[in-house]
Amino acid sequence: MSRIFSAFSALPNAVPVVPPTGFPTDARKLRQWVDTLPRANAEATLKLVHQALACLHGLAWRGAVRAEALDILRPLAYDVMAPLSVKLRNAALPLAPNLVAATKVVEAMHMLLAHGYRQAVAELCAPDGKVPMLKGALVTNVLHRACSHFALALAQAWRSYRAPPAQAWQSLHRSYAFAQLLRLDTKVVDDNLSARSSSTRQIYLQSLLMALANPYAFAQAEQEALWHLALDYGIRLPVAGERPEGVSLALGADADRAFADDDVSVREWIDVSPLLADLQAAVAGASGETVYLSRQGSLPLDRRLAERWLQSLAASVTRNSLRLPGGHVLDTVLGMSSVHSYLNGGRNFSEFLQHLHQQQTTMAGNTSASFPGNDVTHARMLPARVLDQSQSGYRVSWPAEAQARVRIGELVALALHAESLQSRTWLLGTVRWLRYEDSDEVSAGIELLGLRAWPIALTPESGKAGKAQPLRAIEFVAGPGGNPRHGIIVAATAHVVLDGATVHRLDDDPSWLLHAQHHVIAANGPLRLVGEIGEYAVLSHEALVNDNSSEELSA
């Protein structure tokens, strides 16, 4: 018996489950039991199907009989999971308790189907791990279904921004390794329920390519788009005998995570650089909001999604690089209005504008200014525990009692908990990815935008209704290598033109004079849009050619 087959056959210990009432001990009577299910009562049918799948591992239905029983229950499982999937699609985060329970049920159903098919293959190929005579097609199909449902369990966890089910990754690794050992990994299988033809290798690479992009950094609809693209694109990427330069997929992990901890166990490498080159070319040649990947013919892809996919894949090179341990606590403030308020001493935006006006700041070319009313900011400062950190940001966790309302792309201000409110230095970041833990804690990856940040007001040149009102914005200076090194972030809106907007700052902020003024003088040009983060626009001063260059100021 080979080591790979031994690992594949070693199913996780399952808790014995009592079969549902009336469930047959004779597999030949299973269809009759299915016909008696109370289909009109969706909740009752769901419980019965879940219980039936959970009890199968303990029944003496071996090999082909077990596979046939699963094939009978599988369409029914899809039917009862469909309403739950509809409820979970685009549900507000964090998920309500009933939706958390729903996503756990969907994950569990996929895992039960996957382990059931895996057990059937192990029984078919026992005792020496070889395909029985005339059973090649059956083993191929059953092994494909096992990998499919392990992958779908992962996808469901990602779309709910939760950690993958226990044993999902390790089981997928071992199932693919056994398929590769039998040389069945490239056999294409038609699956009527998924309405797609694919191979076990395609499913495996699809899951790894999604994990490489970090699906927690994308919205549900974006994840679904990437999921379909990854299935078709992963199989086209070249195989390398040695680790290629840049971004690559490592095949051969055996732990319960996507990728191996070291290169020793890696069986082969997949070079992802062609995908990066394709994305770069598509984004560079974009003339509108839709781009096209050359390897996918006419399949469209949203330009912003293509840009973020490219950024996330490129960041994967350093995502697993050296990270410093955490353990300390940071104070955090979430959202533009709250961050702006904390940066200017607790004032709301109306009070901030009044203070600017008192300093004889000219607002949009007028000596008189009107200030927005009813601008009440309910800013909260939440403690977050640092799990680890790198040069580019932090991985943090908010406790359940903090009830952090956070979303991907949201602004975050961070400061050391030990600093006093009066003297603390706020860092500015954005939420790159998000995950809800079983403990009700919220984990997130925070990418640093600026090492210094200041509250400002931004007056666009014009709006759709004529004169534009001042907008709440934050100015920041990044560390060495930051892009942009100096910038302004503001809520993106289709009602105003942000290019060329006028900046209004507090004159009594010595830290701005020390850290930011020379960047503005050196750039000496108008503001231009340079990027987008979530629902925010990033602006930076355009550098104009000037014979009297002030390069010494930017040192």
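In which order do the strands of the open sheet of three strands stand?

**View 1. An open sheet of three strands in the predicted model.** The strands of this open sheet follow the order β3-β5-β4, and their pairing is antiparallel. Because β3 (239-240) and β4 (248-251) stand at the edges and each have a single partner strand, one side of each is left without a neighbour in the sheet. Strand β3 is joined to strand β5 (residues 268-271) by two bridges, with the two strands running antiparallel, and Val 239 has Ile 270 in β5 as its bridge partner.

**View 2. Strand β15 and the two strands that pair with it.** Strand β15 (residues 452-459) is mostly covered, since seven of its eight residues are buried. With strand β16 (residues 471-477), β15 pairs in the antiparallel sense over seven bridges, and within this pairing Trp 454 has Glu 475 of β16 as its bridge partner. With strand β18 (residues 502-504), β15 again pairs in the antiparallel sense, here over three bridges, and Thr 459 finds its bridge partner in Thr 502 of β18.

**View 3. The second largest cavity, to whose lining β15 gives the most residues.** When the whole structure is searched, two cavities of 30 Å³ or more are found, and the second largest holds about 50 Å³ of space. Its lining is made up of Trp 454, Pro 455, Ile 456, Glu 475, Arg 505, Leu 506, Asp 509 and Trp 512, so that the bridge partners Trp 454 and Glu 475 of the previous view appear here together. Three residues of this lining come from β15, and the lining as a whole divides into five nonpolar residues, three charged ones and no polar ones.

**View 4. Two stacked aromatic pairs.** A search of the whole structure finds 10 aromatic pairs. One of these is the stacked pair of Phe 23 and Trp 61, whose rings lie 6.0 Å apart from centre to centre, with 25° between the planes. Phe 23 lies in the loop between α1 (3-9) and α2 (30-35), and Trp 61 in the loop between α3 (42-55) and α4 (64-88), so the pair ties together parts that are 38 residues apart in sequence. Both Phe 23 and Trp 61 are buried. Tyr 176 and Tyr 204 form another stacked pair, at 4.2 Å from centre to centre and with 15° between the planes. This pair links distant parts of the chain, with Tyr 176 in helix α7 (residues 168-181) and Tyr 204 in helix α8 (residues 200-213), 28 residues apart, and Tyr 176 and Tyr 204 are both buried.

**View 5. A cluster of phenylalanine rings and a charge over one of them.** Phe 5, Phe 8 and Phe 178 are linked into a cluster by ring pairs. Over the ring of Phe 8 sits the charged end of Arg 118, at 5.6 Å from the centre of that ring.

**View 6. The second largest pocket and its lining.** This pocket has a volume of about 800 Å³ and is lined by 29 residues, of which Tyr 78, Leu 152, Arg 159, Ser 194 and Trp 227 lie nearest its centre. Two or more residues of the lining come from each of α4, α5 (97-124), α6 (136-159), β2 (196-199), α8 and α9 (220-234), and α6 gives the most, with seven residues. By residue type, the lining divides into 12 nonpolar, 11 polar and six charged residues.

Technical notes
Residues numbered from 1 in each chain as written. Predicted model: local features only at pLDDT ≥ 70, side-chain atom pairs only at ≥ 80, totals over all residues. Heavy atoms only, no water. Buried < 20%, exposed > 50% of the residue type's maximum accessible area, 1.4 Å probe, protein only. Helix = DSSP H or I, 4+ residues; strand = E, 2+ residues; numbered from the N terminus. Pairing = 2+ DSSP bridges. Phe/Tyr/Trp six-rings, centres within 6.5 Å; stacked < 30°, edge-to-face > 60°. Lys NZ or Arg CZ within 6 Å of the ring centre and 35° of its normal. 1 Å grid on protein atoms, 1.4 Å probe; cavity = no way out; pocket = protein on both sides within 12 Å on 5 of 7 lines; lining within 4 Å. Points joined across faces, edges and corners; volume = space filled by probe spheres on them. Nonpolar A, V, L, I, M, F, W, Y, C, P; charged D, E, K, R; others polar.
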